[in-house]
Amino acid sequence: MTSAIPLAEALAAGTVVLDGGMSNQLESAGHDLSDELWSARLLAEVPEAVTEAHLAYFEAGADVAITAGYQATFEGFAKRGIEHERAAELIALSVESAREAVRRARAEGIARPLWVAASVGPYGAMLADGSEYRGRYGLSVAALERFHRPRLEVLAGARPDVLALETVPDTDEAEALLRAVRGLGVPAWLSYSVAGDRTRAGQPLEEAFALAADADEVIAVGVNCCAPEDVEGAVETAARVTGKPVVVYPNSGETWNAKARAWDGRATFSAEEVRGWRASGARLIGGCCRVGPEVIGSIARTLKATA
């Protein structure tokens, strides 16, 4: 455990600040992420860049670093000719890179509690075709569990503070992930990608959140990689249905164009919005795609000023 205080206890006591988009920070540093492995490619080629990106968010005010493991899967690495054993090392390295950032933050005098969340992206992220924004892959819950379990076992062995089951587009995959984390001994949060009051696959959020209500492993539920305007209603629903702390980290407001592999539109996310989210039950708050350290710093200051 990175911090002496378990994340679940911190969430029970108050609000915790998540980091922002890993890809955003890496691209700002000049790294090309056009590859299908996205930020996971840098785990193999430039792991120092990943650590530096995590550190930038800690310096900005984030309390939790979400690792660069979103697209780090055995299948994805295999497409690049990376064998199973080396892929396992890279998946574990995603956690160690964030831990190294914690050590550097401590050396700089950052004394507040810090945590590492191991990113577990959906099956669609491995496909690298935008499927994580649609779901409904045509796979059974059992098949999805078989896909996720080996990676989760490696991540659990690397001992992160929490597993971030994130950008989940539908309830089938959520059910598979909830099965797969049982018995691993590491807490998790479950975060859906949503559109309005439904998952990306179209299921009502009440049904989606209800799946995690009685899951002892799950310490928070919520949404990420969505439009900022979709957060408020989702927070209220997640808190009411599950009684658990709510995690939220939306995109900047821009829209991902999977065909062009580029972002369209303009940023609409304002740090001032987090006041309302916290009032509705959000306890783990940050940003996702296109949200950088500057905005995370604003979120941290806003939450501190209104604590």
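## Exercises on a predicted model

Ser-252 touches Pro-228, Ala-267, Thr-268, Phe-269, Cys-289, Arg-290 and Val-291, not counting residues up to four places away in sequence. The structure is a predicted model, and the exercises below work through parts of it.

**Exercise 1. Describe the setting of Ser-252: which loop holds Ser-252, and is Ser-252 buried or exposed?**

Step 1. Locate the residue. Ser-252 sits in the loop that joins strand S9 (246–249) to strand S10 (255–257).

Step 2. Check the accessibility. The relative accessibility of Ser-252 is 2%. Buried means under 20% relative accessible area, so Ser-252 counts as buried.

Step 3. Look at the partners. Among the residues that Ser-252 touches are Cys-289, Arg-290 and Val-291. Cys-289 is itself buried, with a relative accessible area of 6%.

**Exercise 2. Find how many disulfides the whole structure has, and explain the result for Cys-226 and Cys-289.**

Step 1. Take the count. Searching the whole structure gives zero disulfides.

Step 2. Fix the cut-off. A disulfide needs two cysteine sulfur atoms within 2.5 Å.

Step 3. Test Cys-226. The closest cysteine sulfur to that of Cys-226 belongs to Cys-225 and is 7.7 Å away, so the pair is too far apart for a bond.

Step 4. Test Cys-289. Here too the closest cysteine sulfur is in Cys-225. The distance is 4.0 Å, which is too far for a bond.

Step 5. Add the accessibility. Cys-226 is buried at a relative accessible area of 1%, and Cys-289 is buried at 6%.

**Exercise 3. Place Val-221 in the fold and state which residues Val-221 is in contact with, leaving aside neighbours within four places in sequence.**

Step 1. Assign the element. Val-221 belongs to strand S8 (residues 218–224).

Step 2. Read the accessibility. The relative accessible area of Val-221 is 0%, so this residue is buried.

Step 3. List the contacts. Val-221 is in contact with Leu-190, Phe-209, Ala-212, Ala-238, Thr-242, Lys-244, Pro-245, Val-246 and Val-247.

Step 4. Add a C-alpha distance. Val-235 is 14 residues from Val-221 along the chain, and their C-alpha atoms are separated by 8.9 Å.

**Exercise 4. Compare the settings of Glu-236 and Thr-237: is each buried or partly exposed?**

Step 1. Assign the element. Thr-237 lies in helix H11 (residues 231–242), and Glu-236 is in helix H11 as well.

Step 2. Read the accessibilities. Thr-237 counts as buried at 14% relative accessibility, whereas Glu-236 is partly exposed with a relative accessible area of 42%.

Step 3. Follow Thr-237 to its partners. Neighbours within four places in sequence aside, Thr-237 is in contact with Leu-205, Glu-206 and Phe-209. The C-alpha atoms of Thr-237 and Leu-205 are 7.2 Å apart, with these positions 32 residues apart along the chain.

Step 4. Follow Glu-236. Gly-281 is 45 residues from Glu-236 in sequence, and the C-alpha to C-alpha distance is 6.7 Å.

Step 5. Link back to Exercise 3. Phe-209 is in contact with Thr-237, and Phe-209 is also in contact with Val-221.

**Exercise 5. Describe the backbone and setting of Ala-128 and Thr-167.**

Step 1. Recall the background. Most residues other than glycine have a negative phi.

Step 2. Read the angles. Phi is near 55° for Ala-128, a positive value. Phi is near 55° for Thr-167, also a positive value.

Step 3. Locate the residues. Ala-128 is in the loop between helix H7 (123–127) and helix H8 (141–157), whereas Thr-167 is in strand S4 (residues 162–168).

Step 4. Read the accessibilities. Ala-128 is buried at a relative accessible area of 17%, and Thr-167 is buried at 1%.

**Exercise 6. Decide how compact the protein is for its length.**

Step 1. Count the elements. The protein has 13 helices and 12 strands.

Step 2. Compare the radius of gyration with the rule. The radius is 17 Å and the globule rule gives 19 Å for 307 residues, so the protein is as compact as a globular protein of that length.

Step 3. Add the box. Along the principal axes, the C-alpha atoms fill roughly 50 × 45 × 40 Å.

Step 4. Add burial and contacts. Of the 307 residues, 57% are buried. Among contacts with a separation of 6 or more, 77% are between residues 24 or more positions apart.

Step 5. Finish with the surface and charges. The accessible surface is about 11,900 Å², with 48% of it belonging to carbon and sulfur atoms. The mean positions of the 30 positive and 43 negative charges lie 1 Å apart.

Key
Residues are numbered from 1 along each chain as its sequence is written. This is a predicted model: local features need pLDDT of at least 70, side-chain atom pairs count only at pLDDT 80 or more; totals for chains, interfaces and linings use all residues. Side-chain values use heavy atoms; hydrogens and water are left out. Helices (H or I, at least four residues) and strands (E, at least two) are DSSP runs, numbered from the N terminus. The radius of gyration is taken over C-alpha atoms; the globule rule is 2.2 Å times the number of residues to the power 0.38. Buried means under 20% relative accessible area, exposed over 50%, partly exposed in between (1.4 Å probe, protein chains only). Contact means heavy atoms within 4.5 Å. Accessible areas come from the Shrake-Rupley method with a 1.4 Å probe; for residues, only the protein chains shown count as cover. Lys and Arg count as positive and Asp and Glu as negative; His and the chain ends are not counted. The place of a charge is taken as NZ of Lys, CZ of Arg, CG of Asp or CD of Glu.
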